[in-house]
Amino acid sequence: MVDYELVVGIETHVQLKTRTKLFCGCAIQFGAQPNTQVCPICLGHPGSLPVLNAAAFELGLRAALALNCRIAPRTKFDRKNYFYPDLPKNYQISQYDLPFSSQGWVEIDSGKKVGITRAHLEEDAGKLIHEEKGSRSFIDLNRTGTPLVEIVTEPDMRSADEAYQYMNALRTILQYAGVSDCDMEKGELRCDINLSIRPRGQEKFGTKTEIKNLNSFKNAKAALEYEHARQIRVLDAGEKIVQSTLLWDAGKNQTRLMRSKEEAHDYRYFPEPDLPPVRVSQEWIDKVRTQIPELPAAKRVRFQEQYQLSDYDAKVLSFDRAMADFFEEAAKASGKPKPVANWLVNELNKIFNEKKIGMSAVKTTPKDLVDLIAMVEAGKLTGASAKEVFADIVESGKAPADVVQAKGLAKIADTGAIETAAKAAIAANPKAVADFKAGKDAALKSLIGGIMKQTKGQADPKLAEEALRKLLA
């Protein structure tokens with residue numbers, strides 16, 4: 001069997017965080033009624049002239065600098081000609097031979113630097129909406145003209161996992177830089193994956209296929225894994241890979257053919273005649289560079305050094321800017337960064353995984369987390385009860401003390417009540433009692449667990465142990 005190597009490159013379209021479109025003053029409003037955020041310019045009416053959105057260009061510069069790209073001193077826009085129902089002008093204003101930036105890189109978790117070939121600006125097309133049952137399609141042109149930065153990598157990735165790491169790293173950097181919210185559900189970040197395989201050690205690339213319009217990183221990784229395996233099966237069967245464009249069918253968990261692509265499409269690029277070239281001075285670059293906040297890689301290192309966090313904790317906390325800001329505010333207010341990190345890394349991420357939510361859904365505040373930690377350390381709340389309170393305040397935004405009072409979760413320090421619970425735990429677990437009396441001290445943990453069950457996790461663990469030892473002496 002031939003040992004094949006996977007070769008992956010990714011093209012990512014990222015919607016820039018502007019109020020208006022790239023070449024006109026139409027508002028960008030997700031969810032607006034179809035075809036209400038349009039004008040003669042973005043619809044391509046005769047005689048209408050585009051005007052470059054300076055804020056969009058600066059966001060593009062910010063993105064490129066955050067991705068370690070070189071900025072071209074002179075750039076221009078070009079017309080990319082193709083005919084499709086959601087492209088009213090029959091051309092897209094993009095950039096071809098003089099992109100505004102190139103030769104960057106993104107470092108992924110493995111330490112590899114994935115090269116960025118280029119990042120260029122272009123306008124988005126509209127959106128086709130197909131009937132689920134029926135033969136009709138509709139067009140919503142609200143998205144037409146929305147500013148995008150297209151980020152194209154070198155074919156540097158060699159596994160689905162590396163591609164997944166790259167996509168996550170890219171999104172985090174762009175979110176930190178304030179370039180885009182990168183909300184994939186709103187179409188603010190879309191990926192196309194180019195992949196091929198070749199016998200390991202061979203320099204020449206194999207025939208590539210492209211998987212278009214991937215709307216989640218989970219789907220992107222699954223599609224890449226499937227297509228990798230499919231190409232190996234094809235070559236092992238003595239057949240040839242056909243250059244083609246594919247779509248990912250998440251329901252069937254497989255790729256399907258969109259169109260064959262024997263040769264590159266001729267887009268007949270030519271310079272956009274209605275837009276002058278843009279000259280980018282060093283002063284402009286320096287100004288934009290000052291607008292870039294501390295990026296995740298630098299924040300991760302600082303968290304380890306300033307707060308003495310482990311590499312893992314620093315990585316988790318710096319992955320999302322909102323979580324990083326939450327952590328830092330709570331850590332500074334409490335003066336105890338490690339307990340704060342533990343609650344966020346362990347308990348908050350557990351809630352995220354269970355509820356399928358993110359930081360945007362968190363209603364509690366850094367101050368409330370500090371108050372909760374103080375209650376635990378003061379002995380007013382057991383660890384189990386504190387977790388219940390935390391889950392409540394994350395969802396409700398209530399003060400921890402109010403939740404404790406409303407649910408009656410204060411720690412039980414009544415020795416009489418604890419002794420009663422201890423007797424019940426002893427009666428319910430004779431094996432643990434026998435093991436303890438036989439010298440197996442670890443059996444006491446099982447009996448303490450019985451007390452906690454009796455008291456719904458509210459008994460003081462120290463008093464529970466003392467009661468058990470007294471009764472079993």
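These legends accompany close-up views of a predicted model.

**Figure 1. Overall dimensions of the predicted protein.** The chain has 473 residues, and 46% of them count as buried. Its secondary structure comes to 15 helices and 16 strands. The C-alpha trace spans about 90 × 55 × 50 Å along the principal axes. The radius of gyration is 29 Å, whereas a compact globule of 473 residues would be near 23 Å. Accessible surface amounts to about 24100 Å², with 51% of that area belonging to carbon and sulfur atoms. Among contacts with a separation of 6 or more, 68% come from residues 24 or more positions apart.

**Figure 2. The nine-stranded open sheet.** The strand order is β2-β6-β7-β10-β1-β11-β12-β13-β14. Pairing in this sheet of 9 strands is mixed. Strands β2 (70-71) and β14 (254-260) stand at the edges. Each has a single partner strand, so one side of each lacks a neighbour in the sheet. The next two legends take parts of this sheet in turn.

**Figure 3. Strand β7 and its two antiparallel partners.** Strand β7 covers residues 113-123, and 9 of its 11 residues are buried. On one side of the pairing is β6 (residues 101-107), joined to β7 in the antiparallel sense over 6 bridges. V106 has V114 in β7 as its bridge partner. The two strands form a hairpin, with 5 residues between them. G111 lies in the turn and has a positive phi of about 95°. β7 also pairs with β10 (residues 147-153), again in the antiparallel sense, over 7 bridges. Two of the residue pairings with β10 can be picked out here. R118 is bridged to V152 in β10. L121 has V149 in β10 as its bridge partner. In a regular strand, side chains alternate between the two faces of the sheet.

**Figure 4. The parallel pair β12 and β13.** Strand β12 (residues 209-214) and β13 pair in the parallel sense over 3 bridges. T209 stands opposite S244 in β13. Strand β13 runs over residues 244-249 and is mostly covered. Of its 6 residues, 5 are buried. In the sheet order, β13 sits between β12 and β14.

**Figure 5. The three-stranded antiparallel sheet.** This open sheet of 3 strands has the order β5-β4-β15. Its pairing is antiparallel. β5 (91-94) and β15 (270-271) are the edge strands. Each has a single partner strand, so one side of each is left without a neighbour. β4 and β15 are paired over 2 bridges. R79 has F270 in β15 as its bridge partner.

**Figure 6. Arginines over tyrosine rings.** R79 appears again in this view. R79 lies over the face of Y91, at 4.1 Å from the ring centre. A second arginine, R233, lies over the face of Y226. For R233 the distance to the ring centre is 5.9 Å.

**Figure 7. Aromatic pairing and the F23–F77 contact.** The structure holds 11 aromatic pairs. In one pair, the ring centres of F23 and F77 are 5.5 Å apart and the planes meet at 85°, so the geometry is edge-to-face. F23 lies in the loop between β1 (4-15) and α1 (54-66). F77 lies in the loop between β3 (74-75) and β4 (78-81). The pair therefore ties together parts that are 54 residues apart in sequence. Both partners are covered. F23 has a relative accessible area of 4%, so this residue falls under the 20% limit for buried. F77 is buried too, with a relative accessible area of 2%.

**Figure 8. A four-tyrosine cluster.** Y82, Y96, Y267 and Y269 form one aromatic cluster.

**Figure 9. I373 in helix α9.** Helix α9 spans residues 366-377 and contains I373. This isoleucine is buried, with a relative accessible area of 7%. I373 touches P339, V340 and W343, leaving aside residues up to four places away in sequence. The C-alpha atoms of I373 and F326 are separated by 15 Å. Along the chain, I373 and F326 are 47 residues apart.

Note on methods. Residues are numbered from 1 along each chain as its sequence is written. This is a predicted model: local features need pLDDT of at least 70, side-chain atom pairs count only at pLDDT 80 or more; totals for chains, interfaces and linings use all residues. Side-chain values use heavy atoms; hydrogens and water are left out. Rings of Phe, Tyr and Trp (its six-membered ring) pair if their centres lie within 6.5 Å; planes under 30 degrees apart count as stacked, over 60 as edge-to-face and the rest as tilted. Helices (H or I, at least four residues) and strands (E, at least two) are DSSP runs, numbered from the N terminus. Buried means under 20% relative accessible area, exposed over 50%, partly exposed in between (1.4 Å probe, protein chains only). A charge sits over a ring if NZ of Lys or CZ of Arg is within 6 Å of the ring centre and within 35 degrees of the ring normal. The radius of gyration is taken over C-alpha atoms; the globule rule is 2.2 Å times the number of residues to the power 0.38. Contact means heavy atoms within 4.5 Å. Accessible areas come from the Shrake-Rupley method with a 1.4 Å probe; for residues, only the protein chains shown count as cover. Two strands pair if DSSP finds at least two bridges between them.
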